[in-house]
Amino acid sequence: MANTFKNACLAIGASRTDVYTCPADTAAVIHSVYLSNIDGTNNATVTIELYDSSVTTHFSLGTTLPVDADSTLVLDKPINLEAADKLVVTASAAGDIVAVCAILEIT
């Protein structure tokens with residue numbers, strides 16, 4: 001088994017945005033998720049979900065979480081993904097939130 005550390009970085013939209021998709025024949029552990037509000041004036045909210053491909057369903061990890069202007073929300077508990085599972089984030093305003101995820105892929 002090979003272990004590879006990766007980062008997934010993406011600006012978040014106002015509709016469901018796939019931040020990371022676990023590749024085929026791979027398992028992944030998301031070690032942390034940083035959600036930064038880069039808008040210097042307006043507060044925003046985020047919803048973060050796990051898409052479980054085996055049951056084709058989105059499951060909420062946090063709904064309408066507040067992220068103040070110029071601040072960062074950190075989720076630092078592991079999230080385990082199987083092949084084709086996804087980490088999905090939605091922001092209250094497109095372009096206000098940037099996501100950075102620290103991921104361990106196991107192949």
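**Figure 1. Overall view of the chain and its surface.** The accessible surface of the chain comes to about 5600 Å², and carbon and sulfur atoms hold 54% of this area. Accessible areas come from the Shrake-Rupley method with a 1.4 Å probe, and for residues only the protein chains shown count as cover. The structure is a predicted model, in which local features need pLDDT of at least 70 and side-chain atom pairs count only at pLDDT 80 or more, while totals for chains, interfaces and linings use all residues. Residues are numbered from 1 along each chain as its sequence is written, and side-chain values use heavy atoms, with hydrogens and water left out. Of the 107 residues of the chain, 38% count as buried; buried means under 20% relative accessible area, exposed over 50%, and partly exposed in between (1.4 Å probe, protein chains only).

**Figure 2. Fold and dimensions of the chain.** The chain has 0 helices and 9 strands, giving the pattern β-β-β-β-β-β-β-β-β along the sequence. Helices (H or I, at least four residues) and strands (E, at least two) are DSSP runs, numbered from the N terminus. The C-alpha trace spans about 45 × 25 × 20 Å along its principal axes. The radius of gyration of the chain is 14 Å, which agrees with the value near 13 Å for a compact globule of 107 residues; the radius is taken over C-alpha atoms, and the globule rule is 2.2 Å times the number of residues to the power 0.38. Among contacts in the chain with a separation of 6 or more, 81% join residues 24 or more positions apart, where contact means heavy atoms within 4.5 Å.

**Figure 3. Charges of the chain.** The chain carries 4 positive and 12 negative charges, and the mean positions of these two sets are 5 Å apart. Lys and Arg count as positive and Asp and Glu as negative, whereas His and the chain ends are not counted. The place of a charge is taken as NZ of Lys, CZ of Arg, CG of Asp or CD of Glu.

**Figure 4. Strand β4 and its two partners.** Strand β4 covers residues 44-52, and 8 of its 9 residues are buried, so this strand is largely enclosed by the rest of the structure. Strand β5 (residues 57-67) pairs with β4 in the antiparallel sense over 8 bridges; two strands pair if DSSP finds at least two bridges between them. Within this pairing, E49 stands opposite S60 in β5. Strand β8 (residues 86-91) also runs antiparallel to β4, and 6 bridges join these two strands. Here Y51 stands opposite K86 in β8.

**Figure 5. Turn and loop residues with positive phi.** Strands β4 and β5 form a hairpin with 4 residues between them. T56 lies in the loop between these strands and has a phi near 45°, a positive value in a residue other than glycine. With a relative accessibility of 56%, T56 counts as exposed. D70 is placed in the loop between β5 and β6 (72-75). Phi of D70, a residue other than glycine, is likewise positive, near 55°. The relative accessible area of D70 is 57%, so this residue is exposed.

**Figure 6. Strand β9 and its pairing with β1 and β3.** Strand β9 (residues 97-106) pairs in the antiparallel sense with strand β1 (residues 3-11) over 9 bridges. The bridge partner of A11 in β9 is V98. Strand β3 (residues 27-37) is also antiparallel to β9, through 10 bridges. In that pairing, S32 has A102 of β9 as its bridge partner.

**Figure 7. N7 in strand β1.** N7 lies in strand β1 and is exposed, with a relative accessibility of 59%. Apart from its neighbours within four places in sequence, N7 is in contact with C101 and A102. The C-alpha atoms of N7 and L104 are 8.7 Å apart, although these residues are 97 apart in sequence.

**Figure 8. G95 in the loop before β9.** The loop between β8 and β9 contains G95, which is partly exposed at a relative accessible area of 40%. Not counting residues up to four places away in sequence, G95 touches I12 and I38. G95 and L10 are 85 residues apart along the chain, and their C-alpha atoms are separated by 9.9 Å.
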